[in-house]
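Please open the structure in a viewer and keep the selection panel at hand. The tour proceeds by selection, and each stop explains what is found there.

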Amino acid sequence: MSISSRFAVGIHILTLIELNKDGVTSSEFLASSVNTNPAVIRKLMGMLKKAGLIEVNPGIAGARLAKEFSNITLFDVYKAVNVVQEKELFSIHESPHPDCPVGRNIQNTIEPLFTAAQLAMEKVLRNVTLKDVVEDIATKENIR
């Protein structure tokens, strides 16, 4: 199991919108870059719009960032696309056997570790902006 690909695709969408800001960034255009169906892109764009990260107008092709790309963190994207609920990145099996010493204690032992790991990851995501991603790609592709 892994974190939903919605997170990576959300970052992809926002990055492409920024890099293509002088063009028309339609769901079809985005879908061709992501290599997926435009309906998938439209669903994610709806989530990004609801989170206040993009502006789109129904029936009009194109999207634009709703705020400066330096003010959008990867944590914003992570939350916008509902990757996981708070403190639920890691699942713990629900019914270990209570007569087993491990089964009796495993949940209470690993749950705080899982919570700490999720909080650490989220802290990293709060410190990386869309601008960082865009600039890295622009440098690699020698654009701008």
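The following stops describe a predicted model.

**First stop: helix α1**

Begin by selecting residues 6-19, which form α1. The 14 residues of α1 should span 20 Å at 1.5 Å a residue, and the end C-alpha atoms are indeed 20 Å apart, which agrees. Colour the helix by accessibility next. How many of the 14 residues of α1 are buried? The count is 10, so the helix is mostly covered. Among these buried residues are F7, V9, G10, I11 and I13, and the list also includes L14, T15, L16, I17 and E18. Keep F7 displayed, as it returns at a later stop.

**Second stop: the hairpin of β1 and β2**

Select residues 54-57 for strand β1, and then residues 60-65 for β2. The two strands run antiparallel and are joined by four bridges. To see one of the pairings, display E55, whose bridge partner in β2 is R64. Two residues lie between the strands of this hairpin. There, G59 takes a positive phi near 85 degrees.

**Third stop: T73 and its contacts**

Continue to T73, in the loop between β2 and α4. Is T73 buried or exposed? With a relative accessible area of 15%, T73 is buried, because the cut-off for a buried residue is under 20%. Show the surrounding side chains as well: leaving aside residues up to four places away in sequence, T73 touches L125, R126, V128 and T129.

**Fourth stop: the aromatic residues of α4**

Select residues 74-80, which make up α4, and display the rings. Across the whole structure, a search finds three aromatic pairs. In one of them, the ring centres of F75 and Y78 are 5.8 Å apart and the planes meet at 35 degrees, so the pair is tilted. F75 and Y78 are three residues apart in helix α4, and therefore about one helical turn separates them. Both F75 and Y78 are buried.

Now bring back F7 from the first stop. Ring pairs link F7, F75 and Y78 into a cluster. Add R126 to the view: its charged end sits over the ring of F75, 3.7 Å from the ring centre. R126 is also one of the residues that T73 touches. A further arrangement of this kind appears on selecting K21 and F69, where the charged end of K21 sits over the ring of F69, 6.0 Å from its centre.

**Fifth stop: helix α5 and the loop before it**

Select residues 101-126 for α5, together with F90 in the loop between α4 and α5. Which ring of α5 pairs with F90? The partner is F114, and the pair ties together parts that are 24 residues apart in sequence. The ring centres of F90 and F114 are 4.7 Å apart and the planes are at 35 degrees, so this pair is tilted. F90 is partly exposed, with a relative accessible area of 37%, and F114 counts as partly exposed at 25%.

Two further residues of α5 deserve a selection. E111 lies in this helix and is partly exposed, with a relative accessible area of 43%. A distance drawn from E111 to N20 is 43 Å, C-alpha to C-alpha, for residues 91 apart in sequence. V124 is likewise found in α5 and is exposed, at 51% relative accessible area. The C-alpha atoms of V124 and P96 are separated by 32 Å, with their positions 28 residues apart along the chain.

**Last stop: helix α6**

Finish with residues 130-141, helix α6. At 1.5 Å a residue, its 12 residues should span 16 Å, and the end C-alpha atoms are 16 Å apart, which agrees. Highlight L130, V133, V134 and A138, which are buried. These residues cover an arc of only 130 degrees around the axis, which puts them on the same side of α6. What covers these buried residues? The cover includes α1, β2 and α4, elements selected earlier in the tour. Turn the helix around to find T139 and K140, which are exposed on the other side of α6. Just after the helix, N142 takes a positive phi of about 55 degrees, and the tour ends there.

Key: Residues numbered from 1 in each chain as written. Predicted model: local features only at pLDDT ≥ 70, side-chain atom pairs only at ≥ 80, totals over all residues. Heavy atoms only, no water. Expected span 1.5 Å × (residues − 1). Buried < 20%, exposed > 50% of the residue type's maximum accessible area, 1.4 Å probe, protein only. Arc of directions from axis to C-beta. Contact = heavy atoms within 4.5 Å. Phe/Tyr/Trp six-rings, centres within 6.5 Å; stacked < 30°, edge-to-face > 60°. Lys NZ or Arg CZ within 6 Å of the ring centre and 35° of its normal. Pairing = 2+ DSSP bridges.
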